[in-house]
Each structure stands twice: as structure tokens, then as C-alpha cells.
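Student: I have a model open and want to test its labels against their cut-offs. Can we go through them one at a time?

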Amino acid sequence: GCAKNAVDLQVRAGNLLKKGCVLTIEKQYDEALVQLDNALAVSPDLYEANLVKSQVYTETEQYGAAIEALKLYIDASGDDTMNVSLAELYKLSGDETTGEQVLADYETALAAAKELYESGSSKMEAGDYAGAAQDFIACSDNTTYGAGARYCAGVCLINTGDYANALGYL
């Protein structure tokens, strides 16, 4: 019943997304946007459609729409590395200041995550597993360091005997 309908909707949305991607490659941008909007109507959480929409809008030099679609993608996916592309879109739109601010904010967050990851690594090597776990957990949402940080947090939590919480990171 309901579960089958949900799966059918996901498959339909995925097919519409694929059709939108193919149309984008073929430079049939208006029809691609129709398919991508249809995919989002069927499955609003299909955030990849917003990434492709951003590409279409960029190709057609509709930078304001490209920015909004890419922001939706970043917010839904958590893919903070796309802030580099977002900064470039702001610059292409003529908003150099916002572009530079987006890039600076991303670089600051990346540097902070790197510092936490390196601190966690040092603490882990020194046997301070509780302290290392805190550092790794603090940077676990970062796209660049997150996967490694989550794994290391799980290993550190195992070493502290916190098996229940460790499973959430491994």
C-alpha cells in the first residue's frame, strides 16, 4: 500500500531527474527545467534536482535563479564544498562583495574543521580518546573532513568504552 506508493514516487522522481539531466546535456534547457520542477513536485526532498537547475540557470546566464537553486541544494544536502561555486555565481551576477564573503566564510569553516581534525588526531595519538572524540565530533558535519572525523570519533569512543555512542559514528 503506502510503502509501495512511496517507492513508486521516488522512482518516478528519479526518472524525471534523469530526464532533466539528459535534456541539460542536450542543451534543451526549458524542457530540462520542466522535468526538474516535476521531479521536485513529486519528491521535494530530491535536492539533486536543484543542483541541476542551478547548472541550467548558469548556462543560460540567469545567475540570480542559479544562486537560489544552488543555495537550496547546499541547504538540503549539507555539501558545503559547493559554496565555492556559489561564490563564483555571486561574482558572475556582479555581486563581487557577497561572492568574496561566501568564499571567506567557507574557507574559515574549512580551516576550523581542519584544525579540529588535526587536534583530534594529535589527541588520539597521545591516548586522549575522550578529548579526541570531542574534536572529531565537532568537525563531523564538514563535507571535507566529516567522513574521516566520524570514523575516528567512533574509534575513540570505543576506546573510552562508550560502545553505544560509538556505533552512531562507525
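Student: Why is Tyr47 called partly exposed?

Tutor: This is a predicted model, and the value is computed from it. Tyr47 has 27% relative accessibility. Buried means under 20%, and exposed means over 50%. The value falls in between, so Tyr47 counts as partly exposed.

Student: What makes Tyr73 count as buried?

Tutor: Tyr73 has 9% relative accessibility. The cut-off for buried is under 20%, so the label follows.

Student: How do you know that Tyr47 and Tyr73 form an aromatic pair, and why is the pair called tilted?

Tutor: Their ring centres lie 5.7 Å apart. The limit is within 6.5 Å, so they pair. The planes meet at 55 degrees. Stacked needs under 30 degrees and edge-to-face over 60, so this pair is tilted.

Student: What does the pair tie together?

Tutor: Tyr47 sits in the loop between helix 2 (29–42) and helix 3 (48–59). Tyr73 belongs to helix 4 (residues 63–77). The pair therefore links parts that are 26 residues apart in sequence.

Student: Why is the pair of Tyr117 and Phe136 called edge-to-face?

Tutor: The angle between the planes is 65 degrees. That is over 60, so the term is edge-to-face. The centre-to-centre distance is 5.4 Å, which is within 6.5 Å, so the rings pair.

Student: Are Tyr117 and Phe136 buried, partly exposed or exposed?

Tutor: Tyr117 has 21% relative accessibility. Buried needs under 20%, so Tyr117 is partly exposed. Phe136 is at 0%, so it is buried.

Student: Which residues form one aromatic cluster?

Tutor: Tyr117, Phe136 and Tyr145.

Methods. Residues numbered from 1 in each chain as written. Predicted model: local features only at pLDDT ≥ 70, side-chain atom pairs only at ≥ 80, totals over all residues. Heavy atoms only, no water. Phe/Tyr/Trp six-rings, centres within 6.5 Å; stacked < 30°, edge-to-face > 60°. Helix = DSSP H or I, 4+ residues; strand = E, 2+ residues; numbered from the N terminus. Buried < 20%, exposed > 50% of the residue type's maximum accessible area, 1.4 Å probe, protein only.
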